[in-house]
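Hi,

Here is the structure you asked about, with my notes below it. Have a look at the ligand site before you read on.

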Amino acid sequence: MTVQNTSGNPLDQAARDVLLGNDRGGYTIPTARLYPYQWNWDSMFSAWGYASFDMERAWQEVHLLFASQWDTGMVPHIIFHKVDPDYFPGPKVWGATHEPPTSGISQPPVAATLIRKMYEMDPEASLPHIKTLYPKLVAWHDWWIRERCKDGPVAIIHPWESGRDNCPDWDLGMEGVPVNEDDPYLRRDTTHVKETERPQKWDYDRYLAILAFGRSVNWDDREMVENGPFLMADPGISFVLLRAFSDLIALGELLGEETAGLQAQESKLRAGLDKMWNAEKGWFDAYDMRTGRFANILGSGAFLAYFAGVSRPAQDAHFARIWDKVSYGIPSADPDSERFEPRRYWRGPTWPVVNSLIAMGLKDMGRTEAEARLRDETARLIEKSGFWEYYDPMDGTPCGGASFGWTAAVWLTWCGQGRAAQRAGKE
Ligand code: DGY
């Protein structure tokens, strides 16, 4: 094992210990009990975290994720390596047919971007892995464009696909989802985490109803898109995918591959961004694909625009307004909205992992002051309370799951960098 980060900050070792403690042998769970499987984007962040001290382990994580890629190119959001009664809904509820069983939807495609970061950390060790993974990444990105981008931006068929499960963006589409009253179920998440920090029963009833539909059509993408109960354009994934295309193209060029096809897909996606622009509000907005109606709500999905190098003055002004309303990083929903709940999952809390993506974009765009502020605010949350899933953006109260993998990973790769030396310098 090569330990590259030797800043002497005890939090660095604590972060490594979180990842190693969540390691289940080749894959890393987000946190024990609440999320006992391999989650797609969590796993990619874990890999990036491992890359700061154990490159081989990092690549193992990525290969295992892509080993569960479907023939369609889709890379599932959960891989149920070992059945665990702590989690609901498990593979049976998903109607999973693959081996190992998986969920039937995907999650934000951060892989190409983080793989490129890993390459930059150790080009020589990474190159053979990139060669193996490149065609799989191309197939996954092709799947997004083919199956999810009919209207231009990425449309999600389940709020869980966005990774921002219960953010207010989805309320509009969820209102139209018919609930199965005669299909009782028992949640497990609220036995691990305070109910007030998790999605409501209202959301879960609808999550499960969409799952029942997906199961009934065997997760056929066309069926889900044409006849499924939920279909909304998502600014968050659209920007993540747009950014991912530029990183995938860079990886392709590195390998000497022909990237014209990827460039055409990237341009198509970019051209679709205008559809999400809510001119009345002055921000990128989710909309219901069935009705064309905007959600009229601003949240961190829109601010992932920076991650893709996209900014518009009207939204920049909202970004400044929202950020000044809170003390720690970017809130997942607008504090001025009546739907804002500072501790309820994606309805207000600040998420270090999303802060890291927004910051990556700000840095690339040369907005270094904003990047430094975001990094400092995120680091202070972790220094105060450790590696939690998310935090109250007003007072920094830690929320959700503890010993959380991706929070540890972004400490190691981003906000914890040079922190001990910096603080020593200030004292
Ligand atoms: C959960 O169970 O809360 C997950 O976010 C679904 O992927």
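**Ligand site and a second pocket**

Tyr-345 has a polar side-chain atom 3.2 Å from an oxygen atom of the ligand (a polar contact here is a pair of N or O atoms within 3.5 Å). Before going further: this is a predicted model, so local features need pLDDT of at least 70 and side-chain atom pairs pLDDT 80 or more, while totals for chains, interfaces and linings use all residues. Residues are numbered from 1 along each chain as its sequence is written, and side-chain values use heavy atoms, with hydrogens and water left out.

Two other side chains reach ligand oxygens: a polar atom of Arg-198 at 2.8 Å, and an N or O atom of Trp-39 at 3.1 Å. On its own the ligand exposes 230 Å², and the protein buries 96% of that (Shrake-Rupley areas, 1.4 Å probe).

Which residues are around the ligand? They are Tyr-35, Trp-39, His-77, Tyr-87, Trp-160, Asp-165, Arg-198, Tyr-204 and Tyr-345, each with a heavy atom within 4 Å of it. By class that shell has 6 nonpolar, 1 polar and 2 charged residues (Ala, Val, Leu, Ile, Met, Phe, Trp, Tyr, Cys and Pro count as nonpolar, Asp, Glu, Lys and Arg as charged, and the others, Gly among them, as polar).

There's also the second largest pocket (an open set of points on a 1 Å grid where a 1.4 Å probe fits, with protein on both sides within 12 Å along at least five of seven lines; lining residues have an atom within 4 Å of a point). Its 14 lining residues include Asn-180, Asp-183, Pro-184, Tyr-185 and Leu-208, which lie nearest its centre. By class, the lining has 8 nonpolar, 1 polar and 5 charged residues.

Cheers

Terms used
Polar contact = N/O pair within 3.5 Å; in protein donor to acceptor, adjacent residues only side chain to side chain.
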